[in-house]
Amino acid sequence: MSQAADLRARPTLPPLPPMPLGRTARAALLGLRLFLLLITAMAVFTFLHGAPR
Amino acid sequence: MTQSLGGVIEGSFAGQVDRRRGFAGRNRRRLAAMIGLLVGPGVLAMLGENDGPSMLSYATSGASYGVGFFLPFILVTFAAAYVVQEMAMRLAAVTGRGYGELVFQRFGRFWGWTSAADLVVTNLVTLVTEVIAIRLGMGFFGVPAWGAVVCAGVLVAAASWGGRYARWERLAAGLALFNLVFVGVAVFARPSPGAVVHAMATWGPLPKAGAAAFLMIVVSNIGATVTPWMLFFQQSASVDKGMTVRDLPQGRRNTAAGAVLAAIAGCAAFLAAAPLFAHHVDMSRYLDGAGFAQALRPIIGAPGASLFALGLIEAGAVAMLTISASSAYAVGEVVKGVGRSFDASLTEAPLFHATNIGMALLAGLIVLIPGAPLLAISINANLLATLLMPAALVFLLIMSNDRAIMGEHANGRVRNVLGVSIAVLVAVAGAAYAVVGFLGAIGFKAF
């Protein structure tokens, strides 16, 4: 293999299995969903009623 | 489980290429190789984040409130940036996978796509502000808007030309070092050493402002230093560079060096604009023109103002490179079976390069739209980054604690306390600003 071809070659890593989530991780993800929903709802509402300057 | 996953990763990663520089840097101790190792994704992520809106945010803090609370606050945000960027670098070196790829594989399609979409939207808004920064900087020297947009597009396309990560990194790093021109501007501004020492020692004087205005500057400064694209970028670029577990010490030095350099430049931009506060300059008069550079010219002189404009061009240019790259990495990592490396040519990784160059061009076109709300976009870019950062931090923390893939390199207690504290601080600051904005929108003026 030439040096240029060697430098371009990249190994393909096998996919990892889904992570088994513990109680803390599940709670964090639930909190994240709620946070994103809240922020999105507020952003949409604020945008519709005029963003603060 | 730990052993089998770790073994798979280590075994596959053993074939990682483009490791020659890393090997030379560690073993031969040649100066060029050592610098090559030191100036890497960590420095680029940190100096890339000292982008147009960030430098304007630091300058706005200085111009609005003078030397005081925000000077040590900026330093703390860079310390926070080091903590989270080190985790991203460690994840890359240990797992050999980018951030988007790991989220996609470990948490499923929903979170994988949500993270990538979150990043691409934030990046597009930020890229628009980078083009605006380049336009403002070049406008100071009389270059028309379309000229600035063409320069920005050509830069991103030219940097990825040639199909080599190392080449792209050297170009970006070379440009990034010019971030330190803001130190020159600060010298021209002649800040009072006494005021600087007092601010660092006492975190005062505290800003005299309403809660909404104060929160906006706090959130904006957090968003100027800790953002989702930095995590995506540093993790993916560290993989692209070919870092492994053996490179962890260098990766930490690289990230710390980036944080120190970026903090120096950020504080310099803050100090450079502080005379505007002392001279009671009304910045609203300068919003449509070359902004701070024009406002500073009568106070610190033409050379200092020109340096500020040059600094804005540099800040925008480096961020164009790194933020476009982080978008390309994210898309490449969540779309199955496509190339995702600067080491791949246009034909080998068309989607990667199309995203990299396409995002920059799209941002440029938005800036050229007559009547586009550029001011609103500029103001809200850092705020948007802060609002969306908690999502990125939650995944970063969970993955850094995932012993199945991290093994002995998983987070310890101290790193977890720091990481969780940062995530909570960012979430609370972002949510508080969102609530204040929401209350204002429904006509409730509590502050």
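A residue is called buried here when its relative accessible area is under 20%, exposed when that area is over 50%, and partly exposed in between (1.4 Å probe, protein chains only). The model on screen is predicted, so local features are described where pLDDT is at least 70 and side-chain atom pairs where pLDDT is 80 or more, while totals for chains, interfaces and linings use all residues. Residues are numbered from 1 along each chain as its sequence is written, chains are lettered from A and ligands numbered from 1 in the order in which they are written, and side-chain values rest on heavy atoms, with hydrogens and water left out.

**Stop one: Glu86(B) and Arg415(B)**

Select Glu86(B), which is buried at a relative accessible area of 2%, and then Arg415(B), which counts as partly exposed at 30% relative accessibility. These two side chains form a salt bridge, with 3.3 Å between the closest N and O atoms; the term stands for a side-chain nitrogen of Lys or Arg within 4 Å of a carboxyl oxygen of Asp or Glu. The pair connects distant parts of the chain, since Glu86(B) belongs to helix α6 (residues 70-95) of chain B and Arg415(B) to helix α21 (residues 413-441) of chain B, 329 residues apart. Helices in this tour are DSSP runs (H or I, at least four residues), numbered from the N terminus. By the salt-bridge rule, the count over all chains comes to 6.

**Stop two: Asp402(B) and Arg106(B)**

Move next to Asp402(B), which forms a salt bridge with Arg106(B), the closest N and O atoms lying 2.8 Å apart. Asp402(B) is in the loop between α19 (374-400) and α20 (403-406) of chain B, whereas Arg106(B) is in helix α7 (residues 99-107) of chain B, so the pair ties together parts that are 296 residues apart in sequence. Both partners are buried, Asp402(B) with a relative accessible area of 5% and Arg106(B) with 1%.

While Arg106(B) is selected, extend the selection to the whole of α7(B): 9 of its 9 residues are buried, so the helix is largely enclosed by the rest of the structure. Among these buried residues are Tyr99(B), Glu101(B), Phe104(B) and Phe107(B). Just after α7(B), Gly108(B) takes a positive phi of about 95°.

**Stop three: Asp343(B) and Arg164(B)**

Now select Asp343(B) and Arg164(B), whose salt bridge has its closest N and O atoms 3.7 Å apart. Asp343(B) lies in the loop between α17 (302-334) and α18 (350-368) of chain B and Arg164(B) in the loop between α9 (145-159) and α10 (165-176) of chain B, so parts that are 179 residues apart in sequence are tied together. Asp343(B) is buried at 2%, whereas Arg164(B) is partly exposed at 27% relative accessibility.

**Stop four: α6(B) and α12(B)**

Return to α6(B) and add helix α12 (residues 193-202) of chain B: their axes come within 7 Å and cross at roughly 60°. Axes are lines fitted to C-alpha atoms, for helices over the stretch in contact, with angles from 0 to 180 degrees between N-to-C directions. The two helices are therefore oblique to each other, a label for angles that are not under 35 degrees, over 145 or from 65 to 115.

**Last stop: Leu365(B)**

Finish at Leu365(B), found in helix α18 of chain B and exposed, with a relative accessible area of 55%.
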